[in-house]
Amino acid sequence: MDGPVSSSAVNSYEEFFMPFTPNRQFKKAPRLLVGAKDMHYTSHDGRSILDSTAGLWCVNAGHCRPKIAEAIARQAATMDYAPAFNMAHPQAFELASRVARMLPDGLDHVFFSNSGSEAVDTALKIALAYHRVRGEGQRTRLIGRERGYHGVGFGGISVGGIGNNRKQFGTMLGGVDHLPHTHDLARNAFSRGQPQHGAELADWLERIVALHDASTIAAVIVEPLAGSTGVLVPPVGYLERLKAICVKHGILLIFDEVISGFGRLGAPFAVDLFGITPDIITLAKGITNATVPMGATVVSPAIHDAFMNGPEGAIELFHGYTYSAHVLACAAALATLDTYEEEAIFANAAALSPYFEDAVHSLKDHPNVIDIRNLGMVAGLELAPRPGAIGARAYDTFVACYNAGLLTRVTGDIIAISPPLIAQKHHIDEMIGILGDVLKTTA
Ligand SMILES: Cc1ncc(COP(=O)(O)O)c(C=O)c1O
């Protein structure tokens, strides 16, 4: 097999066991990216590729932003690392305050980790421990949702609801149950914004409560907008109902905002857009504009304060990572938040969203398109699967788009579009133009 062309030191494709990738297929026709700036990548064969996915829903401020790159370089030269336990550095406190100030009252204490998966597992652990420190240690059940994606830790795949992500990995966590997903093409196809039908699906939580009893349930976790499963927008009233049922039964509500946070939905966070404050949210991706890995779990004062009751010298939460609040990640995050603010990037996302909505829905009558859905700066196009070859049509579309200079993302037969939030109308036109042309030719 020929080796990668980008570096003479690397001469084999063999050793890298690639994540979430058909390794053998990829290595026969690799797609390598070697540069990036603002809305574009550069491919290893020297082509400019328009990024319609913000990397993996994470490069919200666009690529290689100078302020962020400089902050990382400066920090790396000043102090590369500080121990995370029993020690700290100023940027960790500054970032926690900054994130808490961006969020509504009721979400104000921040626990740092290194990824969305870790932010989720941290949230689930905090939920269990919170009930225990309050003397309700029998609340051990965790409720996720079909088609949910909460990363790849054992906690995340247990509450997650994507079969392929679970089936290879044994029994996972015990005592987990799932709500039904909200995807309903029969009633909601081609919805613009939140679909009208499906709020009643939140009432399944009452059935789960009836089955297990509320006194055994610690928390419910959902993505406010489910991204990785193929862009499922919450039906009107659904999240409100879920919150009300959680409050009624003393169950914590966790919103996984790893994708929806930092402007993706045209508001700073989904909690702002929907006006619902859960007990815990998880963040990652856009927090550092994806430059340095970082995750964060933000909890309510009631949760935080419940841990602060024992002897003062006692560790309150036996949890943390060597790289919790890594100083390079903090430097990157602070510069990212400056960039979002100085360039009014969330406002740009809000202003561009209606144009984006019209643009994606203009593909409605293209061959094989069975649904288009959108919210803020994210959209999903669902294609009819080829008989006996689920996912093949969308995968071929993805490859053809890439060859034509557009990076998209596919899950099953769904194509997701979620561009950097610095996009301008002409970028949207170009994305839709390339995707439209490809759809006309991908049988
Ligand atoms: C909602 C959600 N939660 C968690 C994760 C996992 O994040 P990571 O891949 O950084 O572990 C993702 C990743 O796409 C996500 O979309």
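**Exercise 1. Find where N289 lies, then decide whether N289 is buried or exposed.**

*Solution.* Step one is to place the residue: N289 sits in the loop that links β9 and β10 (295–299). Keep in mind as you work that this model is predicted.

Step two is the backbone angle. N289 has a positive phi of about 55°, although N289 is not a glycine. Most residues other than glycine have a negative phi.

Step three is the neighbour count. A residue is buried if 20 or more other C-beta atoms lie within 10 Å of its own. N289 has 30 C-beta neighbours inside 10 Å, so N289 counts as buried.

**Exercise 2. Work through N368 in the same steps: loop, phi and exposure.**

*Solution.* Start with the place: N368 belongs to the loop between α14 (345–361) and β11. Next, look at phi, which is near 70° for N368, a positive value in a residue other than glycine.

Now count. Residues that are neither buried (20 or more) nor exposed (12 or fewer) are partly exposed. N368 has 18 other C-beta atoms within 10 Å, so N368 is partly exposed.

**Exercise 3. Describe the open sheet that contains β11, and explain which strands stand at its edges.**

*Solution.* First, write down the order: the four strands run β11-β12-β15-β14, with antiparallel pairing. Then look for strands with a single partner. These are β11 (369–375) and β14 (409–411), so each has one side without a neighbour in the sheet. From one strand to the next, the twist averages 20°.

Now zoom in on one pair. Strands β12 (residues 378–383) and β15 (residues 414–417) run antiparallel and are joined by four bridges. Within that pairing, L381 faces I415 of β15. Finally, add the helix: α15 (residues 392–403) packs on the sheet and touches β12, β14 and β15. The direction of α15 makes about 40° with that of β15.

**Exercise 4. Find the partners of strand β8, and say how well β8 is covered.**

*Solution.* Take one partner at a time. Strand β7 (residues 217–222) pairs with β8 in the parallel sense over four bridges, and A219 has L252 of β8 as its bridge partner. Between these strands comes a helix to notice: β7, α10 (residues 238–249) and β8 make a right-handed β-α-β unit.

Turn to the other partner. Strand β9 (residues 280–283) also pairs with β8 in the parallel sense, here over three bridges. In this pairing F255 stands opposite I281.

Last, check the cover. Five of the five residues in β8 (residues 252–256) are buried. On one side these are L252, I254 and D256, and on the other L253 and F255.

**Exercise 5. Describe the shell around the ligand, and then follow helix α5 to L124.**

*Solution.* Begin with the shell. There are 14 residues around the ligand, and S115, G116, S117, G151 and V258 come nearest. Sorted by class, five are nonpolar, seven polar and two charged. Helix α5 (residues 116–133) supplies the largest share, three residues.

Now move to L124, which is in helix α5. L124 has 28 C-beta neighbours inside 10 Å, so L124 counts as buried. Leaving aside neighbours within four places in sequence, L124 is in contact with L142, G155, V159 and A219. For a longer reach, try G380: the C-alpha atoms of L124 and G380 are separated by 28 Å, and the two residues are 256 residues apart along the chain.

Notes: Residues numbered from 1 in each chain as written. Predicted model: local features only at pLDDT ≥ 70, side-chain atom pairs only at ≥ 80, totals over all residues. Pairing = 2+ DSSP bridges. Helix = DSSP H or I, 4+ residues; strand = E, 2+ residues; numbered from the N terminus. Axes fitted to C-alpha atoms, helices over the stretch in contact; angles between N-to-C directions. Contact = placed C-beta atoms within 7 Å. Near = placed C-beta within 6 Å. Nonpolar A, V, L, I, M, F, W, Y, C, P; charged D, E, K, R; others polar. Right-handed = clockwise from strand over helix to strand, strands pointing away.
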